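The following paragraphs guide a new reader through a protein structure. The account starts at the ligand and then turns to the surrounding elements.

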Amino acid sequence: MQELSARAAGQGAGRGPIVQAVRAAKLLTVSSSKGGACKTTTARNLAVIAAHAGIRVATVDLDAQQTLTIWHKRRPGAAPAIDHRAIPTRDCNDRIAALVASGGFDLVIVDTPPGVEGYPAEMRMLVRKSHFCLLTTQQQSADLDSVIGWSEIVRREGARFAFLLSRTFRNRRNYSEAKQRLIEAGPLCPFDIRDLASVDRTDKLGVGNIEIRGDLCGEDFKGVWRYVSRELGLGDGE
Ligand SMILES: Nc1ncnc2c1ncn2[C@@H]1O[C@H](COP(=O)(O)OP(=O)(O)O)[C@@H](O)[C@H]1O
Ligand SMILES: [Mg+2]
């Protein structure tokens, strides 16, 4: 979506103001109504892949626990840049709208706190304003109950979304049962993220899984990125 900035870039001699075209960023929100649903892990991995693809990406941490912010502080200086800010949820809507409209970014990824019901009005507005929402969940049935309940609210807001299964154990019976339940409840990202110990290492190192050579979760997240970038209209994710 191309928007004309109210800021004139300068005055051309006798030619009137030069108005600079500012392209608004795409807004991706990662949410679920539970803690431990892999929201932060997803937000940071997609941001890393986008940054490697040359996309100007900003991350926003709405969680008072600041897990994403702590990870970002550990990020090695030589790694592709991700702009980051921590924002209290109660102030988030205006500040995220300003970030999206600033023209400084192609993509803004928002990581949300657990218990989205703590700020229902702000969260509903956030998903409404998002170009796409990823609703993350593990494969256990209590997690599915919770995320499916949240998806009904997201859907009522008219937001575009898909479920993302994370920390999966593909050889367990409840894996295919979980996929079946989610497909019945709404769109399901065709890639899921396996449970692997390397995720904890990337947390400590401030990197994404694709920044560890040969990492299998990195491959999983690349698949998720291909799907999400297409949904966002950011190309085919290659
Ligand atoms: N694919 C995965 N494999 C193994 N551990 C994971 C994976 N994804 C997340 N974790 C771990 O699960 C925990 C919760 O993940 P996190 O992304 O912080 O969830 P949330 O932000 O939803 O609370 C963290 O300790 C994280 O390292
Ligand atoms: Mg988190």
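In this predicted model, 19 residues lie around ligand 1, and of these Ala 37, Lys 39, Thr 40, Thr 41 and Val 199 come nearest. Two elements, helix 1 (39-52) and helix 7 (198-205), each give two or more residues to this shell. By character, the shell around ligand 1 consists of 7 nonpolar, 6 polar and 6 charged residues.

Between helix 1 and strand 4 runs a loop, and Gly 54 is found there. Gly 54 counts as exposed, because its C-beta neighbours inside 10 Å number 9, and a residue with 12 or fewer is classed in that way. Although Gly 54 and Ala 81 stand 27 residues apart along the chain, their C-alpha atoms are separated by 9.5 Å.

Strand 4 (residues 57-61) pairs with strand 5 (residues 83-86) in the parallel sense, over 4 bridges. Within this pairing, Asp 61 has Ala 86 of strand 5 as its bridge partner. The connection from strand 4 to strand 5 passes through helix 2 (residues 67-73), forming a β-α-β crossover that is right-handed.

Helix 8 (residues 216-232) has 17 residues, which at 1.5 Å a residue should span 24 Å; the end C-alpha atoms are 24 Å apart, in agreement with that expectation. Its buried residues are Cys 217, Gly 218, Asp 220, Phe 221, Val 224, Trp 225, Val 228, Ser 229, Glu 231 and Leu 232. These residues lie on the same side of helix 8, because they cover an arc of only 165 degrees around the axis. In an α-helix there are 3.6 residues a turn, so residues three or four places apart point the same way.

Technical notes. Residues are numbered from 1 along each chain as its sequence is written. Chains are lettered from A and ligands numbered from 1 in the order in which they are written. This is a predicted model: local features need pLDDT of at least 70, side-chain atom pairs count only at pLDDT 80 or more; totals for chains, interfaces and linings use all residues. Two strands pair if DSSP finds at least two bridges between them. A crossover is right-handed if, with the strands pointing away from the viewer, the path from the first strand over the helix to the second runs clockwise. A residue is near a molecule or strand if its C-beta atom, placed from the backbone, lies within 6 Å of it. Ala, Val, Leu, Ile, Met, Phe, Trp, Tyr, Cys and Pro count as nonpolar, Asp, Glu, Lys and Arg as charged, and the others, Gly among them, as polar. The expected span of a helix is 1.5 Å times one less than its number of residues. A residue is buried if 20 or more other C-beta atoms lie within 10 Å of its own, exposed if 12 or fewer, and partly exposed in between; C-beta atoms are placed from the backbone. The arc is that of the directions from the helix axis to the C-beta atoms.
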